[in-house]
Amino acid sequence: MVRLDEIFDIKYGNQFDLSKMELSNGTDGIHFISRDSNNNGCVAFVKKYNDIEPFEAGLITVTMGGSYLLSSFVQVHEFYTAQNIKVLKPKTEMTLEEKLLYCAIIQHNRFRYHSHAREANSTFDSILVPKLDELKKKFDLSGFDKEYLPITPLSSTKLQLNTKEWKLFKIGDLFNVELTKGDIKADRIDYGPIPLISSGESNNGIVKYILEEGDGKAEKFSANNITLDMFCHAYYHPYEFYAVGHGRVNILKPKFKLNKYLAVFICSLIDKELYRFSYGRAVYSNVAKNIKLKLPAILNANCEYEPDWQWMEDYIKGLPYSGCL
């Protein structure tokens, strides 16, 4: 084991403030990396700032504070960073697979720190990690990205985001929303094939795989629904599942023909509302119904705006790695 700074050159990022940046109209802008655990930390696309060159692609970003401490990502595009983010450049050449392993190792040190109490700034560089040759001996990652991560998108059409023309729709207008009924205690039921969903920010909300719940105290939900938990984490489930009642999980049953591409689009927008909710302000069904999402829209035969579902699906299919969905 060696210190992290023996393997990487480590320095702080740009320390930019997004509110002072000029946003780009499309995904061809410079990626702006913030202290976020979603979308590789990218929260916006911006234009070049004061002729300052962005960081090169292939570097690792790590958050030093905030709610997602030590969130680590390999940046595959040029980027700027917000405050309190460190940028890691390998001292020797590394493959993408090796960088991803180091990201996972770094994130496993999260337990050492706590937001607003013991943040990672002063001791991060000295975290102990395996040497690169030790990783190569332990893991055979040859062909990993070729076999499991098809970069080629499903569609060659590249659509540009222009949210100025989008319209607001309430979740309750798009979905039938209901709160889970009954309850299941995960520690009191045996392991099985059916996912059990609760509130949480990882594993698609799955806390356990369980046997069929046969006493009628809990409802099994059909496939092709979205769950929205008390903290506003949204997940798509293309399979049957149970949900924990005390976890305050809302079930969003679509009033339209939902598929995985639309689900990715919608769940990403719902997640943008996370900052509004907490233990003190949970997302109950009446709250969930009134959350507004800004969506691309078209006029229907009655000259009323409705979501442009085809555009959303085409947009997701045109993104890199859409073949992984």
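**Figure 1. Lys47 and its salt bridge to Glu22 in the predicted model**. Lys47 is partly exposed, with a relative accessible area of 38%; partly exposed lies between buried, under 20%, and exposed, over 50% (1.4 Å probe, protein chains only). Glu22 is exposed, at 51%. The closest N and O atoms of Lys47 and Glu22 are 3.3 Å apart, where a salt bridge is a side-chain nitrogen of Lys or Arg within 4 Å of a carboxyl oxygen of Asp or Glu. The pair links distant parts of the chain, 25 residues apart: Lys47 is in the loop between strands S4 (42–46) and S5 (60–63), and Glu22 in the loop between strands S2 (8–12) and S3 (30–33). Helices (H or I, at least four residues) and strands (E, at least two) are DSSP runs, numbered from the N terminus. Residues are numbered from 1 along each chain as its sequence is written. Because the model is predicted, local features need pLDDT of at least 70 and side-chain atom pairs count only at pLDDT 80 or more, while totals for chains, interfaces and linings use all residues; side-chain values use heavy atoms, with hydrogens and water left out.

**Figure 2. Two salt bridges of strand S8**. Lys89 pairs with Glu56, the closest N and O atoms being 3.7 Å apart. Lys89 is in S8 (residues 85–90) and Glu56 in the loop between S4 and S5, 33 residues apart. Both are partly exposed, Lys89 at 39% and Glu56 at 42%. Asp125 forms a salt bridge with Lys86, with the closest N and O atoms 2.9 Å apart. Asp125 lies in the loop between helix H1 (96–107) and strand S9 (128–129) and Lys86 in S8, so this pair ties together parts 39 residues apart in sequence. Lys86 is buried, with a relative accessible area of 5%. The structure holds 10 salt bridges.

**Figure 3. Strand S3 between its partners S4 and S7**. Ile30 and Phe32 point one way from S3, His31 and Ile33 the other way, and all are buried. S3 and S4 run antiparallel and are joined by four bridges; strands pair if DSSP finds at least two bridges between them. S3 and S7 (residues 79–81) run parallel, with three bridges. The bridge partner of His31 in S4 is Phe45, and in S7 His31 stands opposite Phe79.

**Figure 4. The largest nonpolar core, with Ile270**. A nonpolar core is a set of buried Ala, Val, Leu, Ile, Met, Phe, Trp, Tyr and Cys residues joined through side-chain atoms within 4.5 Å. Of the 33 residues in this core, Ile171, Phe175, Ile226, Leu228 and Ile270 touch the most other members. Elements that give two or more residues include helix H4 (171–174), strand S11 (175–179), helix H5 (260–271) and helix H7 (309–317). H5 gives the most, with seven residues. Leaving aside neighbours within four places in sequence, Ile270 is in contact (heavy atoms within 4.5 Å) with Ile171, Leu228, Cys232, Ala234, Leu252 and Leu293. A second, separate core of 25 residues includes Ile10, Val62, Leu70 and Phe124.
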